[in-house]
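Colleague: I am new to this structure and would like to go through it with you. Could you take my questions in turn?

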Amino acid sequence: MTALIDAARRGRAWARRRGSAIGSVVAVRAQEPVVVLTYDDGPDPAGTRQVLDALAEHDATATFFVLLTRVRKHPTVLAEIIAAGHEVALHGPDHRRPTEFGRTEALRRLLDSRAELEDRAGRTVRWYRPPYGAQTLGTWRATRQAGLTPVMWGGTTWDWRDVGQDERVAKAMATVVGPGSILLAHDGFAGADDGAPDGGPTHDLDRYELTDRVLDGLAERGLRGVSLGGALAAGARPDLAAWFSR
Ligand SMILES: [Zn+2]
């Protein structure tokens, strides 16, 4: 066990050293007591609006990693995200695993989808979260070449799992280690139309309740939720680490 922990520690130290050269954003070093809120797989007319309502209730902002397959279907919901002062980032042209593609094709998909999203959102898009967190050195390079920075996460809400809300809130509280953590959540569910084989949700999820309860829990610890761009604008610095996963 000790050997395992030592190995994990050495791995983290290695990742941190290499992070400056080949890093993805995995957290921020925040001056303020903030947690970065991120939502993937939208926009979705029901899920996104539930999340937007809860964020407004808590005066919080978030970064939405959107799929172009969904942006094309729900342009009004994208406009609502922007109008409410949140940040829009790229999750992909669809939800296919980016590591399935050769480097040239991976780069083309990123360049095309960044351009289309910027056009539709009317603003610059800086961040990219690969579906499933799947990234190789080749797709990392393609991401940087496309002018994007990969953003991963540390905390998770387990909101794609068929578990109870109590368990999801507890998971979020346990995995948000402190100020600067990036929390993973979803405002939609990628399905067959988005190139994801998963089919569809296996459970009903009240996304308003989940975000509301997570933000209550964070507030009890003196933490509030902000978008990644908002955190950086307030003086946080990106914490980079190597992150590779097929
Ligand atoms: Zn996703």
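The questions and answers below go from the whole chain to single residues.

Colleague: How many helices and strands does the protein chain have?
Modeller: Keep in mind that this is a predicted model. The secondary structure of its protein chain amounts to 9 helices and 10 strands.

Colleague: What share of the residues of the protein chain counts as buried?
Modeller: The protein chain exposes about 11,200 Å², of which carbon and sulfur atoms supply 50%. Buried means under 20% relative accessible area. Of the 246 residues, the share that counts as buried is 54%.

Colleague: Among contacts with a separation of 6 or more, what percentage comes from residues 24 or more positions apart?
Modeller: A contact here means heavy atoms within 4.5 Å. In the protein chain, residues 24 or more positions apart account for a share of the contacts with a separation of 6 or more, and that share is 81%.

Colleague: Which residues are the protein donors of the zinc ion?
Modeller: Along the chain the donors follow the spacing D-x49-H-x3-H. His91 and His95 are both buried. The donor atoms lie 2.1 Å from the zinc ion, and they belong to Asp41 (OD), His91 (NE2) and His95 (NE2).

Colleague: Which residues lie closest to the centre of the largest pocket?
Modeller: The largest pocket holds about 350 Å³ of space. Its lining has 19 residues, and the closest to its centre are Asp41, His95, Tyr132, Trp160 and His186.

Colleague: Which strands each supply at least two residues of the lining of that largest pocket?
Modeller: One of them is E2, which spans residues 34-42. The other is a strand covering 182-186, so numbered from the N terminus that its label is E8; the strands asked for are E2 and E8.

Colleague: Which strand is joined to E1 by 5 bridges?
Modeller: Strand E1 covers residues 24-29, and 5 of its 6 residues are buried. One bridge pairs Ser24 with Ala241. The two strands run antiparallel, and the partner, residues 237-241, is E10.

Colleague: Is Val35 buried or exposed?
Modeller: Val35 sits in strand E2. Beyond four places in sequence, it touches residues including Val176, Leu183, Leu218 and Val226. Because its relative accessibility is 0%, Val35 counts as buried.

Colleague: What distance separates the C-alpha atoms of Val35 and Val176?
Modeller: Val176 is one of the residues that Val35 touches. The two are 141 residues apart along the chain, and their C-alpha atoms are separated by 7.8 Å.

Colleague: Why does Ile82 count as buried?
Modeller: Ile82 is in helix H4, residues 75-83. Leaving aside neighbours within four places in sequence, its contacts are Val88, Ala121 and Arg123. The cut-off for buried is under 20%. Ile82 is buried because its relative accessible area is 15%.

Colleague: How far apart are the C-alpha atoms of Ile82 and Arg123?
Modeller: Arg123 is among the contacts of Ile82. The two residues are 41 residues apart along the chain, and the separation of their C-alpha atoms is 9.6 Å.

Colleague: What is the relative accessible area of Arg114, which is buried?
Modeller: Arg114 is found in helix H5, residues 103-121. Not counting residues up to four places away in sequence, it touches Leu90, Thr124, Val125, Ala146, Gly147 and Leu148. Arg114 is buried, with a relative accessible area of 18%.

Colleague: Which residues does a cis peptide bond join?
Modeller: Most peptide bonds are trans. Here Pro43 lies in the loop between E2 and helix H2. With omega of about 0°, the cis bond joins Gly42 and Pro43.

Colleague: Is Asp59 buried or exposed?
Modeller: Asp59 is in the loop between H2 and strand E3. It has a positive phi of about 55° although it is not a glycine. The cut-off for exposed is over 50%. At 75% relative accessibility, Asp59 therefore counts as exposed.

Colleague: Is Trp158 buried or exposed?
Modeller: Trp158 is found in the loop between strand E7 and helix H7. Its phi is positive, near 55°, in a residue other than glycine. Because its relative accessibility is 18%, Trp158 counts as buried.

Note on methods:
Residues numbered from 1 in each chain as written. Predicted model: local features only at pLDDT ≥ 70, side-chain atom pairs only at ≥ 80, totals over all residues. Heavy atoms only, no water. Helix = DSSP H or I, 4+ residues; strand = E, 2+ residues; numbered from the N terminus. Buried < 20%, exposed > 50% of the residue type's maximum accessible area, 1.4 Å probe, protein only. Areas by Shrake-Rupley, 256 points an atom, 1.4 Å probe, with all protein chains shown as cover. Donors = N, O, S within 2.8 Å, 3.2 Å for Na, K, Ca; no water. Pairing = 2+ DSSP bridges. 1 Å grid on protein atoms, 1.4 Å probe; cavity = no way out; pocket = protein on both sides within 12 Å on 5 of 7 lines; lining within 4 Å. Points joined across faces, edges and corners; volume = space filled by probe spheres on them.
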